[in-house]
Amino acid sequence: MAAPAHRPQRPASARAPEPGTEVRFSVCPHDCWDTCALRVFLRDGRVVRVAGDPEHPVTRGFVCFKVNHYEERIYSPDRVLYPLKRVGPKGEGRFVRITWDEALDLIASRLKAIVRQYGGEAVLPYSYAGTMGLLGYGSMDRRFFHKLGASLLDRTICSAAGTAALRYTYGERMGPDPEDIPGGARLILVWGLNVVSSNVHQAPILQEARRRGATVVVIDPYNNGTARLADWYLAPRPGTDAALALGMMHVILTEGLQDQEYIDRHTVGFDRLRETVLTWPPERAAEVTGIPAEAIRRLGRMYGEERRSLIRCGYGMQRHSGGGMAIRALAILPALTGAWRYPGCGLLLSNSGSYRWNYEALERPDLLPEPRPRTINMNRLGWALTELRDPPVMALFVYNSNPAGVAPNQNRVIQGLLREDLFTVVHEQLMTDTARYADVVLPATTMLEHLDLYWSYWHLYVMLAEPVIPPLGEAVPNTELFRRLAAAMGFTDPCFQDSDEELILQALEGSAAAAAAAPHLSGRAQAEAALDLLRRQKWLKLDRSPTPFADGGFATPSGKIELYSEALARAGLPGTVAYIPPHESPDGAPELYRRYPIQLITPAAHHFLNTTFANLPSHMAGEQCPPLYLNPADAEARGLRDGDWARVYNDRGEVYLKVRVGEWSRPGVAISPSLWWNRLSPRGRNVNALTSDALSDLGGGAVFHSNLVEVARVPEAEAEALEREFQERTRDRLDHREQA
Ligand SMILES: Nc1nc2c(c(=O)[nH]1)N[C@H]1C(S)=C(S)[C@@H](COP(=O)(O)OP(=O)(O)OC[C@H]3O[C@@H](n4cnc5c(=O)[nH]c(N)nc54)[C@H](O)[C@@H]3O)O[C@H]1N2
Ligand SMILES: Nc1nc2c(c(=O)[nH]1)N[C@H]1C(S)=C(S)[C@@H](COP(=O)(O)OP(=O)(O)OC[C@H]3O[C@@H](n4cnc5c(=O)[nH]c(N)nc54)[C@H](O)[C@@H]3O)O[C@H]1N2
Ligand SMILES: [Mo]
C-alpha cells in the first residue's frame with residue numbers, strides 16, 4: 001500500500017452561494033496553527049455550509065477537510081443541549097435533563113461541601129484549548145477557580161517542552177512571519193511538522209517558496225504526505241532530533257560555516273556550546289539517529305552555507321522525554337548561522353510571544369489565596385485522581401478538553417473518573433467520552449454561537465467573531481457558565497459580572513493588537529479603538545518586526561541568546577544542550593525494549609483534531625478505523641497482513657488497531673494517527689491506553705511519542721468478534737457495506 005494521500009483542500013468558497021443564502025464572517029476556534037477566517041452560509045437561520053474567507057491573506061479561502069464539514073459538528077446528534085444529571089453508573093452515559101437552576105444549585109452545594117471538608121485544593125479544574133478564543137480559553141473560569149482556591153492546573157499537554165526550550169534560549173516565543181517565507185527563505189527544514197494535515201496553509205507557502213527557488217527538506221520518522229512536498233526527506237529514529245542537530249552543528253563549527261559576528265554580538269556561552277558540539281561528530285549522531293553520517297554532513301553543510309534558512313518545526317517532535325532539549329538544539333542552529341537577520345528566516349515554532357495579551361486582567365491572579373494553591377500537571381491526571389493526597393481531588397471540573405480520550409495513561413485516568421466519591425462536572429458541546437463519566441454535564445456553545453477574539457500561534461492576525469446563530473438548546477459560553485457559577489457560590493467581586501465585551505477590552509489593553517490598531521493612543525482608549533476596528537474590518541495584523549531577533553532585545557536573564565543557560569544548569573540539566581533519549585526506546589530502556597520492541601508514535605490524524613471531529617461520519621469515513629501503520633518487515637515478522645486487527649500492548653494497557661502495511665517508517669517504528677473516541681473503538685480504549693504519563697525534560701510536557709509496545713496477531717475467531725464489535729459501535733456513523 002502506498003503512503004496516505006492527504007492533499008490540501010480545494011477552496012469550497014469557490015462555489016457561489018445559492019439565492020436566499022446569507023453569508024456571515026466567523027473564525028475557526030480550534031487548536032491549530034492556521035486560525036482560519038471563515039465564511040458561514042446560513043439558510044433560514046440554519047448553518048448550511050462553512051468555508052474559508054477568500055480575502056484572508058494567509059488562510060486564503062480554503063479550510064481543512066475537518067472544518068469543511070462543520071455543519072455536521074454544529075448539528076451533531078452528539079450535541080449536549082441541556083444541563084444533564086447522571087442516573088446510571090459512571091461511564092454508561094445515562095442522564096436526565098435538569099434545569100440550569102437545578103444544575104447550578106447542585107454544583108454549588110457540592111463544591112461548597114468539598115471546600116469545607118477538604119479545602120479548595122480538593123477541586124481540580126481541567127481544561128485545554130478546545131477553543132483558542134481568548135475568552136473561552138481562559139478568563140472568567142480562571143477568576144472563578146482562583147477565588148475558590150482550587151488547585152492550579154499546569155497546562156502542559158501540548159507544547160510545554162518546546163515553550164520552555166524557546167524561553168531558555170531566546171526568552172520569548174517568536175519567529176518569522178509566515179507571509180515572508182516565500183522569497184525570504186531559500187532553505188526550509190520542515191522538522192517534525194505534518195504540514196498537509198496540521199498546518200494546511202503552510203503547504204501553498206512551501207510550494208510558492210519552492211517555485212521561487214527554495215529547497216525543502218522534511219525531517220520526520222513518519223513518511224506522511226508532507227514528505228512529498230520535499231526535495232529531500234530524512235527519517236530519524238523517534239526522539240533523536242537533538243543528536244541530529246548536534247551533528248549538524250559539528251559540521252558547521254568544524255568547517256567554520258558559522259556567522260561569528262552574529263554569535264559574538266547576540267549570544268552568550270558559545271565556547272561552552274562548542275565544547276559540547278565537538279563531542280558530536282556526524283558518526284556519533286548517525287549511530288543515534290539512524291541517518292548516515294554522510295547525509296548529516298551534507299545537511300550540516302547545506303544549512304551552514306545558506307544563511308537565508310528557515311526551520312519550520314512542529315510540536316510532534318517535542319512530545320518526547322528529551323523534547324525540550326530537541327527544540328533547544330534546533331533553536332540554536334539559526335543562532336549559529338545568523339539566519340535571524342533575514343525576513344522569513346530563523347526558526348518558526350510559535351509566534352505566541354508576539355501578542356502580549358493582558359492575561360493579568362483576564363485571569364486575575366490577584367484573586368488567588370495566599371499561600372498559593374498547589375499546581376497539578378495535567379499530564380498526571382490519572383495519578384492525581386487515584387493517588388494524590390492532602391487533599392485528594394474530590395471535584396473535577398472539565399471544560400475545553402476531553403481527558404478520557406486525550407490524556408496519557410488512559411487506564412489510570414478512567415480508573416480515576418470511575419471513583420464513586422469523585423464529583424465530576426463537564427461543560428461540553430458534545431457527549432464526549434469524558435462527559436459520560438460526569439455527575440453533571442452542562443451544554444456549551446460553539447464559535448458560531450458566542451462572541452470571542454481569536455489569534456494564531458503561527459500567523460500574525462487577530463480576528464473577532466460575533467455570534468452568527470443563537471445558542472442551540474440551553475448552551476452557554478464558558479464565560480457565562482462561570483458568571484452563573486460565581487453567583488451561585490455567592491462570589492460578589494464585581495469582576496464576576498464583566499460582560500464578554502468588557503473582557504475583550506481588558507485583554508486588549510496594552511496588547512500588541514491594540515498597539516497595531518491605534519498606535520497614537522494608549523490604555524483603555526487604545527483597546528476601545530482596537531475593538532471598534534475589529535468590528536468594522538474582519539482582522540488586523542500585528543505591527544511586528546519581520547525579523548524579531550535580528551538585532552538583540554532577547555528577554556533572557558542575560559539579554560542575549562543563551563547558548564549556555566545558567567537557569568538550565570540550575571534546573572539540573574546540561575546548560576548547553578544534550579541528547580536525552582526517549583525514556584522508552586532502544587537507547588533509553590534496553591531492558592524494556594526487549595519486551596516491547598516497537599516504538600509507537602501517535603501524531604495528529606488527518607481528519608480529526610485530537611478527539612474533536614472523531615465522532616462525525618464524514619471524518620470517520622476519512623480515517624476508516626483506528627489504525628496501526630506498520631512497516632512490512634515488522635508486519636511480516638508477526639504474521640500480520642494489511643487489514644488485520646492487531647493487539648497492541650505494553651505494561652499500561654492494550655488497544656486493538658487495524659494494520660495498514662506500508663513504507664511509512666523504518667522497521668521498529670509504528671504509527672497510529674490519533675485520536676479515536678474510546679467508545680467508538682474496539683474494547684472502548686484508544687491509543688492513549690498505551691501512552692506514558694512520564695514528563696519531558698523541560699516544562700513538564702507530555703511524551704506521547706516516547707512509547708514502546710509490542711504488536712501481536714489476533715486469533716481468527718477473536719478478530720471476527722472485534723470486527724463485529726467495531727461495526728456495532730460505529731454503525732450509526734460508518735457505512736460498513738462500503739468498507740467490506
Ligand atoms: N489534522 C489535524 N490537525 C491538527 C491536529 C490534529 O489532531 N489533526 N492537532 C492540532 C494540535 S492540538 C496541534 S498541537 C498541532 C500539532 O501539529 P504538529 O506539530 O504537526 O504535531 P503532530 O502531528 O503531532 O506531529 C508532527 C509530526 O511530528 C512527527 N514526529 C513525531 N515524533 C518525532 C520525532 O521524534 N522527530 C521528528 N522529527 N518528528 C517527529 C510526527 O510523525 C508528525 O508527522 O496540530 C493541530 N492541527
Ligand atoms: N496519543 C496522543 N494524545 C494526544 C496528542 C497526540 O498527538 N497523541 N495530542 C495532544 C495535544 S497536542 C493536545 S493539544 C491535546 C488536546 O486535548 P483536548 O484539549 O482535550 O482536545 P480535543 O480532543 O480537541 O477536545 C477538546 C474538547 O473541547 C470541547 N470544546 C470546544 N470548544 C469548547 C468551548 O467553547 N467550551 C467548552 N466547554 N468546551 C469546548 C470540544 O467539544 C472537545 O470535546 O491532546 C493531546 N493528546
Ligand atoms: Mo496541541
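Helices here are DSSP runs (H or I) of at least four residues, and they get their numbers from the N terminus. Everything shown below comes from a predicted model.

**Figure A. Helix H6 and what it packs against.**
Helix H6 covers residues 160-170, and nine of its 11 residues are buried, so the helix is largely enclosed by the rest of the structure. If you want to pick them out, the buried ones are Ala160, Ala161, Gly162, Thr163, Ala164, Ala165, Leu166, Thr169 and Tyr170. These residues pack against helix H14 (323-337), and also against two strands, S13 (346-348) and S21 (561-562). Look just past the end of H6 and you'll find Gly171, which takes a positive phi of about 90°.

**Figure B. Strand S9 with S8 and S10.**
Strand S9 takes in residues 215-219; four of these five are buried, so S9 is largely enclosed by the rest of the structure. Strand S8 (residues 187-191) runs parallel to S9, and five bridges join the two. One pair to look for is Leu189 with its bridge partner in S9, Val217. Strand S10 (residues 232-234) also runs parallel to S9, joined to it by three bridges. Here, Ile219 has Leu234 of S10 as its bridge partner.

**Figure C. The surroundings of ligand 1.**
There are 34 residues around ligand 1, and the ones that come nearest are Asp220, Gly239, Asp241, Tyr315 and Phe608. Sorted by class, this shell holds 17 nonpolar, 12 polar and five charged residues. Tyr315 puts a backbone N or O atom 2.6 Å from an oxygen atom of ligand 1. Two side chains also bring polar atoms up to ligand oxygens: Arg319 at 3.0 Å and Ser198 at 3.4 Å. On its own, ligand 1 has 910 Å² of accessible area, and the protein covers 98% of that.

**Figure D. His427 and its contacts.**
You'll find His427 in strand S16 (residues 423-428). Is His427 buried or exposed? Its relative accessible area is just 2%, and the cut-off for buried is under 20%, so His427 counts as buried. A polar atom of the His427 side chain lies 3.2 Å from the backbone oxygen of Pro443. The side chains of His427 and Asn478 are joined by a polar contact of 3.3 Å. Skipping neighbours within four places in sequence, the residues in contact with His427 are Val398, Tyr399, Asn400, Leu442, Pro443, Ala444, Val476, Pro477, Asn478 and Leu481.

Conventions
Residues are numbered from 1 along each chain as its sequence is written. Chains are lettered from A and ligands numbered from 1 in the order in which they are written. This is a predicted model: local features need pLDDT of at least 70, side-chain atom pairs count only at pLDDT 80 or more; totals for chains, interfaces and linings use all residues. Side-chain values use heavy atoms; hydrogens and water are left out. A residue is near a molecule or strand if one of its heavy atoms lies within 4 Å of it. A polar contact is a pair of N or O atoms within 3.5 Å; within protein, one must be able to donate a hydrogen and the other to accept it, and residues adjacent in sequence count only if both atoms are side-chain atoms. Accessible areas come from the Shrake-Rupley method with a 1.4 Å probe; for residues, only the protein chains shown count as cover. Ala, Val, Leu, Ile, Met, Phe, Trp, Tyr, Cys and Pro count as nonpolar, Asp, Glu, Lys and Arg as charged, and the others, Gly among them, as polar. Buried means under 20% relative accessible area, exposed over 50%, partly exposed in between (1.4 Å probe, protein chains only). Two strands pair if DSSP finds at least two bridges between them. Contact means heavy atoms within 4.5 Å.
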